[in-house]
Amino acid sequence: MNTINLLNLYRKLKGCDAETVSELPSSGSNRRYFRLSAADGRQSVIGVLGTSKPENDAFIYMSRHFRKQGLPVPEVLNVSDDGMAYLQTDLGDTLLFSAIEKGRLTRSFSAEEKDLLVSTISLLPDIQFAGAKDMDFSVCYPTVEFDQRSIMWDLNYFKYCFLKATGLEFSEDKLEDDFQAMASVLMQCENKCFMYRDFQSRNVMICQGKPWFIDFQGGRRGPFYYDVASFLWQAKANLPSSLRDELLEVYLASLNKYYPIEREEFRKHLRHFVLFRTLQVLGAYGFRGYFEKKPHFMQSVPYAIANLRDLLSEPYAEYPYLSKLLVDLVSMKQFTDELGKKRLTVRVYSFAYKKGIPNDVSGNGGGYVFDCRAINNPGKYERYKPFTGLDSKVIKFLEDDGEVFQFLEHCYSLVDSTIARYMERGFTNLMISYGCTGGQHRSVYCAQHMAEHISKKFNVQVELIHREQNIEQSFPARQ
């Protein structure tokens, strides 16, 4: 599907042509997002090309309904006649996930990061209860409500896309018995509110310092526990238990105006939803990571396994076979928890100079910043503008030119000697950044090759962040 529909929608909306159209990084779905703007860079909007009309219809309806309820969601500005394309307000580029990056990586959250988390979760009951008021749930996609069938879909998602992929042997019959038991426990809770379904920091934008909700098209009628589990136990949010407890109290205080509940009763039900959600996301990570080979999902697996390990410290007597199986799962060698070990982590960034040099989230202040702007720039040619340094056309351009090889050899020499010395001295963090004009072509190519070079040569953890492309990839240390 091309962008002609979006260009026509922009022209109808603004009365002028869009001068720039840039595709935004994709996430876990098949939807494609574009930023369209006029010649002066203003009047920008986000264009969306969907692959499912019912899913598009769900988002468009929900956005308009939530805005009537005064909730902070993007406005749908224009929709194509076939319903497969639409424009929405541009909320910028800052995900909550990115805004709390330092806290996520260090597990030490600043006051500013905590404030953003507090602001976000305090609004959750509003979208759950005010959002549900007068809502037509029949538009929800792919299902109207959280029911036994959808629970079994998610549990089988975990079984077939993650559990079987690990090679762990198990009894289908006994596991199915415990899946049925879990469905019965979860269905004891009332389905009276709007269940966001994927309420997590990648689906919250920070615009003018405040949280805005996006990607709620998978929502449905359901219990409020599920969204709390999704947000507070999001794998890569990496929240310490003390902060998680603080945020849970904030949620309960906000919930009280809609649905007063005893804390003990709330926590009793919540732990079952946390386990269920953890299994669901492992199924998603297995499908997107093992099968679709998307690195962002693969790098999230160890965090989800760590969450699961913590949950199992208090047995789930309702699911005896499942509990034993999960203990065996988290004990598998490939899931050995490396997060707490004193091992060097090298973070490699690509970035655009016009957006500033990346912050050192470790707080050590050390490392290298390499300027790629002396290398011949494919971005000055129109045919390369839609691509990045990860695409074959750009790679061929840079390698045919040849300048990039000599540049990287000098970088490798400096970095190799530093890593060897850091490992000898027991240092735990090193940062390497590559900058170019737009953070799209040269810097992306160089950062990718540096990360792969380090991972092959040294037994260290390598975290690769293409900042402007919103792409992260993890190269784990060898066991």
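**A walk through the strands**

In this predicted model, let us begin with two strands lying side by side: β3 and β5 (residues 85-89) are paired through five bridges, and their directions are antiparallel. You can find two of the matching positions yourself. Ile46 has Gln88 as its bridge partner in β5, and Leu49 sits opposite Ala85 of that strand.

Now turn to the other neighbour of β3. Strand β2 (residues 32-37) is also joined to β3 by five bridges, again in an antiparallel arrangement. Here Phe34 is a good residue to look for, as its bridge partner in β3 is Gly47.

With a strand on either hand, how many of the five residues of β3 are buried? Five of the five are, so to speak, tucked away: β3 (residues 45-49) is mostly covered, and each of these residues counts as buried. Follow the strand and you will see two directions. Val45, Gly47 and Leu49 point one way, Ile46 and Val48 point the other way, and all are buried.

Let us step back to the whole sheet. Five strands make it up, in the order β1-β2-β3-β5-β4, with antiparallel pairing, and the sheet is open. Why is one side of β1 and of β4 left without a neighbour in the sheet? Because β1 (20-23) and β4 (76-79) stand at the edges, each of them has a single partner strand. The strands do not line up perfectly: on average, neighbouring ones are turned by 25° against each other, ignoring direction.

Helices join the picture next. Helix α1 (residues 4-14) lies across β1, β2, β3, β4 and β5, and it runs at about 50° to β5. Helix α2 (residues 53-68) packs on the sheet as well, where it touches β4 and β5, and its direction makes about 140° with that of β4.

Finally, move along the chain to another pair of strands. Strand β7 (residues 204-207) is joined to β8 by four bridges, and the two run antiparallel. Within this pair, Ile206 stands opposite Pro211 of β8. Two residues lie between the strands of this hairpin, and Gln208 takes a positive phi near 55° there.

Which side chains of β8 are buried? In β8 (residues 210-213) the side chains alternate: Pro211 and Phe213 point to one face and are buried, whereas Lys210 and Trp212 point to the other face and are not. Set this beside β3, where the residues pointing either way are all buried.

Key: Residues are numbered from 1 along each chain as its sequence is written. This is a predicted model: local features need pLDDT of at least 70, side-chain atom pairs count only at pLDDT 80 or more; totals for chains, interfaces and linings use all residues. Side-chain values use heavy atoms; hydrogens and water are left out. Buried means under 20% relative accessible area, exposed over 50%, partly exposed in between (1.4 Å probe, protein chains only). Two strands pair if DSSP finds at least two bridges between them. Axes are lines fitted to C-alpha atoms, for helices over the stretch in contact, and angles run from 0 to 180 degrees between N-to-C directions. Contact means heavy atoms within 4.5 Å.
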